[in-house]
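Reader: I'd like to talk through the aromatic rings here. Can you take me through them slowly?

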Amino acid sequence: MIASVVDVRENKLIDLLSQGTNDFSIKMLDLGDILLHDENYYLLIERKTWGDLHSSILDSRFREQRSRLKQWKSERQKCIYLVEGMYTEEYKNEKRTLERLMIGHDIPVFFTDSLEKTAELISDWMSMETLEKLFFQRSVEEDQI
């Protein structure tokens, strides 16, 4: 069974997740916005809108958060960066920064079009029996048809 914790400051996400069948607790998290865990794995999700990402890059919070995420992750602790909202060309520098500074450091980046889509994705992960599937990495050869 997956235990789920949503940061207390994520009011709109909490409201959406509460409308479903999700069982989660609400706490102040020191790092990340959502924490999913089972007996073997921890998945920490840092959620940003394109506008939040832009602001955090300008005021250097982005690099500080990335450093903390990198220090936190381990073989059984994985971080995901989730960017929400419609991408437009005005955010091309932010997307480039993500590709260079997150993906290049083995922190996967997910994109959703809206808060509602984010809630659906998080709900899907909350309803999994274990997190093992999200941690398993197949080799390139296994992905070949």
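Author: Sure, definition to begin with: rings of Phe, Tyr and Trp (its six-membered ring) pair if their centres lie within 6.5 Å; planes under 30 degrees apart are stacked, over 60 edge-to-face, and the rest tilted. By this rule there are five aromatic pairs. Keep in mind that this is a predicted model, where local features need pLDDT of at least 70, side-chain atom pairs count only at pLDDT 80 or more, and totals for chains, interfaces and linings use all residues. Residues are numbered from 1 along each chain as its sequence is written, and side-chain values use heavy atoms, with hydrogens and water left out.

Reader: Why is the pair of Trp50 and Tyr91 called stacked?

Author: Their ring centres are 5.7 Å apart, within 6.5 Å, and their planes are at 20 degrees, under 30, so the pair is stacked.

Reader: How do you know that Trp50 counts as buried?

Author: Buried means under 20% relative accessible area, exposed over 50%, and partly exposed in between (1.4 Å probe, protein chains only). Trp50 has 4% relative accessibility, so Trp50 counts as buried. Tyr91, at 16%, counts as buried too.

Reader: And what makes Phe62 and Tyr81 edge-to-face?

Author: The centres of those two rings are 5.8 Å apart and the planes are at 85 degrees, over 60, so that pair is edge-to-face. Both Phe62 and Tyr81 are buried.

Reader: What makes the charged end of Lys95 sit over the ring of Tyr87?

Author: The rule asks for NZ of Lys or CZ of Arg within 6 Å of the ring centre and within 35 degrees of the ring normal. The charged end of Lys95 sits over the Tyr87 ring, 4.9 Å from its centre.
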